[in-house]
Each structure stands twice: as structure tokens, then as C-alpha cells.
Amino acid sequence: MEFDLCFNTNLDFDVFSKIVIKNFEKVIKAVDLQEDNDGIYLNFKYFSITILKEIYGIELYDEEYGIKVNTNIEISLLNNIAEEGMRFVLNVIGILIKELEGDAIFVGESSVVILKKMNDKIFVYNNPEQYYFKISFDDLNLKSDDIIVVK
């Protein structure tokens, strides 16, 4: 299962990727880390992530969702343990949303929006029909006052 987590940040790639890696490893230890000219690749027990240096088609986020972004983290959940992996991913997303300034969007397969942060407001989209497991936004570990549920 493929997901994209995008941010609009003023940070350069090196600083951004260090923050992302640090926060993922706070929650779950990486099994493998590789880097090349295209990006940084981390494998975890439940999922893998790719932090891309160059992003193609980024303007689609503005066109489709009304949000400008300039970074992309590709997340691949392992199908047989996707629900467990999503818990870890959401926990890290909650940390990153608090730590990184700017807007963010978390999009699942078929370009379905799961979460969007705009103007310091966090919107979560309950789309249970999209996945064979329930997504619990409690795993974000954010105050419920900070979250707006969109149905």
C-alpha cells in the first residue's frame, strides 16, 4: 500500500531528511538505510520510506487539493501488517506536524486525502471504505481540539 506525505517547508533537503529520519527512529528503529543521488531509503519492520530529493508533479497537490508542498516522503506499508504499520506512521506524522512549520498533506492510494494541515489547522478524513483496516487518528497523539474530522 502506497502513501505520500508532503510538506511545505523552508528547510533544505539535508536538514529536512535528518528531521524525518530522527523522528521515525524515535518511534521505530530502521532495519536498513541507503542513500543515492535520488534520495534516502529506509526500511522498517512494517513499512519503508523514501525521502525524495526531486519531486515531479508536485503542482498537482496545489491543483487537486489547494495546498502547496515542496517535499515528498513516499511510504509503502507491507500489506499483511498494514494496520500495525499505519499506527507507527501516524505517530511519526503527529510528531512531524508539531515540529515542522508549514502545510502538510498525507495521501493514500487513489489519491485519497487522509490528513491535511493548512494554516495550522489539522483536518483528518475518515474514509474507511478505502482500506481493509481502520485508521485510528488517535495514533497521531495530537490534542483532539487541534483536529477537525471531515466526513
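The following dialogue reads charges, fold and packing in a predicted model.

Colleague: Before the side chains, which elements make up the secondary structure of the chain, and in what order do they run from the N terminus?

Modeller: The chain of this predicted model comes to 3 helices and 9 strands, and from the N terminus on these elements run β-α-β-β-β-α-β-α-β-β-β-β.

Colleague: How does the radius of gyration of the chain stand against that of a compact globule?

Modeller: The idea is to set the value for the chain beside the one that a globule with as many residues would have: for 151 residues a compact globule would have a radius of gyration near 15 Å, and the chain, with 14 Å, agrees with this. Taken along the principal axes, the C-alpha atoms fill a box of roughly 40 × 35 × 30 Å, and buried residues make up 49% of the 151 residues.

Colleague: Turning to charges, how many salt bridges does the structure hold?

Modeller: A salt bridge is counted when a side-chain nitrogen of Lys or Arg lies within 4 Å of a carboxyl oxygen of Asp or Glu, and the structure holds 4 of them. Among them is the contact between the side chains of Asp-62 and Lys-68, at 2.7 Å from N to O, and another joins Glu-25 with Lys-29 at 3.8 Å, N to O.

Colleague: Are Glu-25 and Lys-29 buried or exposed?

Modeller: Accessibility is read residue by residue, with exposed meaning over 50% and buried under 20% relative accessible area. Glu-25, at 30%, therefore counts as partly exposed, whereas Lys-29, at 60%, counts as exposed. For the other pair, Asp-62 is partly exposed at 32%, while Lys-68 is exposed at 54%.

Colleague: Where in the secondary structure do Arg-87 and Glu-83 lie?

Modeller: Both lie in helix 3, which covers residues 82-99, and they are 4 residues apart, about one turn of the helix. Arg-87 forms a salt bridge with Glu-83, their closest N and O atoms being 3.6 Å apart; Arg-87 counts as partly exposed at 40% relative accessibility, and Glu-83 also counts as partly exposed, at 32%.

Colleague: And which residues form the negative surface patch?

Modeller: A patch of this kind takes in residues that have no salt bridge and over 30% relative accessible area, with like charges joined within 9 Å. Here the negative patch is formed by Asp-12, Asp-14, Glu-35, Asp-36, Asp-38 and Glu-54. Of these, Glu-35 has its place in strand 2, residues 32-35, and at 52% relative accessibility Glu-35 counts as exposed.

Note on methods:
Residues numbered from 1 in each chain as written. Predicted model: local features only at pLDDT ≥ 70, side-chain atom pairs only at ≥ 80, totals over all residues. Heavy atoms only, no water. Buried < 20%, exposed > 50% of the residue type's maximum accessible area, 1.4 Å probe, protein only. Helix = DSSP H or I, 4+ residues; strand = E, 2+ residues; numbered from the N terminus. Patch = residues over 30% accessible without salt bridge, like charges linked within 9 Å, V, L, I, M, F, W, Y side chains within 5 Å. Areas by Shrake-Rupley, 256 points an atom, 1.4 Å probe, with all protein chains shown as cover. Lys, Arg positive; Asp, Glu negative; His and termini not counted. Charge placed at Lys NZ, Arg CZ, Asp CG, Glu CD. Rg over C-alpha atoms; globule rule 2.2 N^0.38 Å.
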